[in-house]
Amino acid sequence: MRKVFQAELHQVGEELIEISSLVTEAIEKANQAFTGADVELAQEVIAADARIDFLQNDLDERAIDILALQGPVASDLRMIVGSLRMSASLERMGDLARHVAQLARLRFPAKVIPASLTATFDELATLDIQISRQITELLESRELGLVTDIQSANARINELHRSVFGAISAPDWSETPSTTVDVTLASRYFERFGDHGVSVARKVSYLVTGQWQPESFTN
């Protein structure tokens, strides 16, 4: 029975890694569609989100079955409960990538972001992609040095997010109301993607160390 239990735990961990990998692919493609006004790629991201949702539901059902049938304790219990919470964050990251793609599809053939903010959004996307890739690596390796890197990237995302609001509230902002709404939403999507990445990193740290340190992270 113990071997079966460990195999089930391993499968939960593997599914987390698979979901994380799909999220990385989603944000990479969503950004390409977003910056290049690529409606076909945007639609691909939107359609692929169903796979992330399916895997999250499958993982959650598996974890709940383990809780109900195996009665895990201590570190095993932390692993299962942590996996449930991480899967929710990863699923939300997939949703946010889909939202970015939906903006690209909505404004096709035009681009979503005006030229004045292109560099800002390029950096936001680059940082989100970095975080997503590092989450997958963190789930595979449990190398906690990556947690600091993720936190630092997210701090920069927060700075860029604030700068977007500064730009659209400046007296010389002359874009249309629809563009202003698009910019606001897009910035929020990229910013929340990073926050959920930090949430996953924090939970991996807890699984490894058994210590909860919310003061070191941003939700």
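This briefing covers two helix packings, the largest pocket and two buried residues. The model is predicted. Helix H5 takes part in both packings described here, one with H4 and one with H6. Helix H4 also contributes to the lining of the largest pocket, together with helix H1.

**Packing of H4 and H5**

- The axes of H4 and H5 lie 9 Å apart, and the two helices pack at an angle of about 160 degrees.
- Angles over 145 degrees count as roughly antiparallel, and H4 and H5 are therefore roughly antiparallel to each other.
- H4 and H5 cross in a left-handed sense.
- The contact of H4 with H5 is made up of 13 nonpolar, 7 polar and 5 charged residues.

**Packing of H5 and H6**

- Helix H5 spans residues 145-168 and helix H6 spans residues 177-209.
- The axes of H5 and H6 come within 9 Å and cross at roughly 160 degrees.
- By the cut-off of 145 degrees, H5 and H6 are therefore roughly antiparallel as well.
- The crossing in which H5 passes H6 is left-handed.
- In the contact of H5 with H6 there are 10 nonpolar, 10 polar and 3 charged residues.

**The largest pocket**

- The volume of the largest pocket is about 170 Å³.
- Its lining consists of Gln6, Leu9, His10, Gly13, Glu14, Leu16, Ile17, Met79, Leu139, Glu140 and Arg142.
- Two elements give two or more residues to this lining: helix H1 (2-36) and helix H4 (118-141).
- H1 gives the most to the lining, with 7 residues.
- By class, the lining residues of the largest pocket comprise 5 nonpolar, 3 polar and 3 charged.

**Two buried residues**

- Isoleucine 168 belongs to helix H5.
- Because buried means under 20% relative accessible area, isoleucine 168 counts as buried at 18% relative accessibility.
- Isoleucine 168 and valine 181 are separated by 13 residues in sequence, and their C-alpha atoms are 9.7 Å apart in space.
- Threonine 120 is part of helix H4.
- With 17% relative accessibility, threonine 120 also counts as buried.
- Threonine 120 is 25 residues from aspartate 95 in sequence, and the C-alpha to C-alpha distance between threonine 120 and aspartate 95 is 22 Å.

Technical notes. Residues are numbered from 1 along each chain as its sequence is written. This is a predicted model: local features need pLDDT of at least 70, side-chain atom pairs count only at pLDDT 80 or more; totals for chains, interfaces and linings use all residues. Side-chain values use heavy atoms; hydrogens and water are left out. Axes are lines fitted to C-alpha atoms, for helices over the stretch in contact, and angles run from 0 to 180 degrees between N-to-C directions. Helices (H or I, at least four residues) and strands (E, at least two) are DSSP runs, numbered from the N terminus. Angles under 35 degrees count as roughly parallel, over 145 as roughly antiparallel, 65 to 115 as roughly perpendicular and the rest as oblique. A crossing is left-handed if the near helix is turned anticlockwise from the far one by less than a right angle, and right-handed if clockwise. Ala, Val, Leu, Ile, Met, Phe, Trp, Tyr, Cys and Pro count as nonpolar, Asp, Glu, Lys and Arg as charged, and the others, Gly among them, as polar. On a 1 Å grid over the protein atoms alone, a cavity is a set of points where a 1.4 Å probe fits but cannot get out, and a pocket is an open set with protein on both sides within 12 Å along at least five of seven lines; lining residues have an atom within 4 Å of a point. Grid points are joined across faces, edges and corners, and a volume is the space filled by probe spheres set on the points. Buried means under 20% relative accessible area, exposed over 50%, partly exposed in between (1.4 Å probe, protein chains only).
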